Structures are given as C-alpha cells and as structure tokens.
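Welcome! Please take a look at the structure below, and then read on for a short tour.

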Amino acid sequence: MRVLGIETTCDETAAAIVSIERSGEHKILSNEVLSQIAAHAAYGGVVPEIAARAHVEAIDRIIARAFSDAGLKPGDIDAVAAAAGPGLVGGVMVGLTAGKAIALATGRPFIAVNHLEAHALTARLTDDLAFPYLLLLVSGGHTQLLAVRGVGDYLKLGGTIDDAVGEAFDKIAKMLTLPYPGGPSVEREAAKGDPERFDFPRPMQGRPNPDFSLSGLKTAVRLVAERIAPLSENDVADLCASFQAAVVDVMVDRTRAGLRACREAGIAPSTLVVAGGVAANQAICRGLGRLATEAGLPMVAPPLVLCGDNGAMIAWAGIERLRLGMVDDMGAVARPRWPLDELSAQSRSDNPKTVA
Ligand code: KG4
Ligand code: ZN
C-alpha cells in the first residue's frame, strides 16, 4: 500500500509518499518539504495571507516532486491523505483541495488527517512503537501531554494555559533580534552562553496537574533584557542559555507530572515520546532522556527531518487510518481548530474498534 501525504497547515508546503507491506514493513519513498522561512523572515513570524499564497504557488510542484522522487505516477498510489487542520485555514484549504482533487482523479480513498495526530503517530513510523505511550507534543502552536492509546484515541493529560513552547522560543528570539525561526536561533545562542547567569522562574513546577505556563517566563526574560540593555553578544547568549535551562526544567517537571497522571488514569505507557518542531531542541531532548531513564522507560524523539512539519507524517497517519477503515469523503472541511481529544470522541462513535 502506498499513500500520498500533503501538509500545508503552517509555513511548510510538503508532500511525501510512504509505503507499507503486508508484513508491516514501511518506507518513506519520498519526502519533499519546501519551507517558506524566507517569505516570513522579515515579519518575525508567519503571515497567514503570505503563507496561503505561497502554498498555492508551490503545491503542484511539490506534489509532482514527491511522485518523481518515488519513481511513481498518481495511478500508483492507493490513497491520498491531506492535513485538514488544525492550522492557518487559508493554507489548510490549499493542501486539502489538492488532496481531494488527486483522490477524485485517481478514484482512490481520501483521508483528512489531523496534523496533531500525525505528529503523535510519527514515532510509530520511525520506531514501530506499540500503544499506549506518553507523548509530549511541543510545537509553535501546541504544548500538550497526551496518552496515545490507539489511532484516534488520545487522552489529553495537560496543556499550556498561555503560550506554546515554540511560540515562547520565537518571541524570545524576536525580542533579542535573532533570526527567524526563533527556536534554532535561541538554541544556537544558548550553546555559547551561561545557563546559570540569570535565575529565571520555572512556572508550574511541582504542581500535580501536568499543565504548562510560559508567558511569565517570557516576561521575566524581557524584564532582565530591558534592565541590562544595551545587550552585548555575551548577554544575548547568557539570556538564551538561562531561558533554555528554565524551559528544560519545566518540560522535565511537567512531563514527570504527566507520567504520574497517565499511570493514575490506569495507563502504563511503553515509551516516552517527544514530537513536534521543538523536539529538534537537543537540550530539551537530553532533559527528557534523563527523565525517561529515571522512570525506567525508553525515549523516542523523531529524527530532525520528521520533527518539523512534513508530508511523511501525514502519509503515515493516513496509512494508520486506512488500515482501520477510517476514510473520509469529499465533504471533509478545513478546521482551524481541531483538538485531539475531540478526535477521540468522534472516532469512538464512528469506529467502535478504537474504544479504550
Ligand atoms: O511542528 P512545527 O514545525 O510547526 C508547528 O506545527 O508549529 O514547529 C515549529 C516550532 C517553531 O516555534 C520553532 O521555533 C520551534 O518549533 N523549533 C524549535 C527548534 N526548532 C524548531 N524550538 C526550540 N529549539 C529548536 N531547535
Ligand atoms: Zn506541526
């Protein structure tokens, strides 16, 4: 079985083809990602109208490349999956419409994939993980702890009450006039700085509920930066290092609370998984690795190319759904908001196989 996956929810236009054999053996046959970073860099963040237009201009070419890299023609695939949200609705509509058109033209089934579910299931593409596992999903728009019990079956244990982690990295970078996107810039600066120079707060640390709060930490960084301005190169590096150290502590402490909440809910996770764009951060991954060891669990973080937004994760989520007969029709709509636990409620009623 070969599935085309299309991703256009944010600032990457991406398409990929993933195959799976009857034995379960699977392969990424192509994975084309076109980043719009240059188009948004001047604004220090993603501009929805610019993103939607750039997706329109690139989508055909990126899908054509996904086919040619895999040495396949549209008639060679068995299904089409496209991200239907959550995300910037103008962009989502571009990928969703392209996916539906290819499904119609080839007569193949269509799967409207939840972008968060695709991040959540990536660890099964890369590491063949068994359910259930504990997932820390950290990206530019999301910061959540989830128990992944099955395809379409997610229990949200906690989430951020204000900013997402990636968003905090992006805002700190903008404040310190570091290049966009902020996460990699802050991590690069942090590597040169002193993580102990500034004692930033660790919001929510020690609380039993596995929720997150990042806006107070961001404000603390801004207040110190304003107090010691003008900033030298060392100051910027030390601010980044101290900020990142606080984020690592918070991620570790909150994930520890998530693990406890997961076990209290009667779920014994096989693995700790970190996914989403922020999973590219090596300091966060090292911290979580130590937590996993402490908890006696293996940890899985996808390789860099599969951490950020990509088409392979959409194709894989499509394969997971298709195998359970969970397909959609042409009525599937673009959804700017689409929480994963809502997906669970929906798939429980649609598909009794996924009842926990
Ligand atoms: O999953 P993703 O590609 O897009 C969303 O769905 O949001 O995540 C992008 C986010 C951005 O906020 C970016 O700054 C952050 O992930 N990010 C990082 C790193 N690389 C990307 N954050 C911290 N450290 C990094 N190395
Ligand atoms: Zn994402």
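Here is a briefing on the bound ligands and the residues around them.

This is a predicted model, in which local features need pLDDT of at least 70, side-chain atom pairs count only at pLDDT 80 or more, and totals for chains, interfaces and linings use all residues. Residues are numbered from 1 along each chain as its sequence is written, and side-chain values use heavy atoms, with hydrogens and water left out.

**The zinc ion**
- H115 (NE2), H119 (NE2) and D309 (OD) are the protein donors of the zinc ion (ligand 2), at 2.1 to 2.2 Å; donors are N, O and S atoms within 2.8 Å of the metal (3.2 Å for Na, K and Ca), and as water is not among the atoms, sites may look incomplete.
- Along the chain, these donors follow the spacing H-x3-H-x189-D.
- H115 and H119 are separated by about one helical turn because they sit four residues apart in helix α4 (residues 115-127).
- Both H115 and H119 are buried, meaning under 20% relative accessible area (1.4 Å probe, protein chains only).

**Ligand 1**
- Ligand 1 is surrounded by 18 residues, the closest being G140, D170, G183, E187 and G277; a residue counts if one of its heavy atoms lies within 4 Å.
- A polar side-chain atom of D170 lies 2.6 Å from an oxygen atom of ligand 1, and a polar side-chain atom of H115 lies 3.4 Å from an oxygen atom of ligand 1.
- Domain 1 (2-122 + 306-350) and domain 2 (132-304) both give residues to the shell, so ligand 1 lies between them; the domain bounds come from an automatic or database assignment.

Methods
Chains are lettered from A and ligands numbered from 1 in the order in which they are written. Helices (H or I, at least four residues) and strands (E, at least two) are DSSP runs, numbered from the N terminus. Buried means under 20% relative accessible area, exposed over 50%, partly exposed in between (1.4 Å probe, protein chains only). A polar contact is a pair of N or O atoms within 3.5 Å; within protein, one must be able to donate a hydrogen and the other to accept it, and residues adjacent in sequence count only if both atoms are side-chain atoms.
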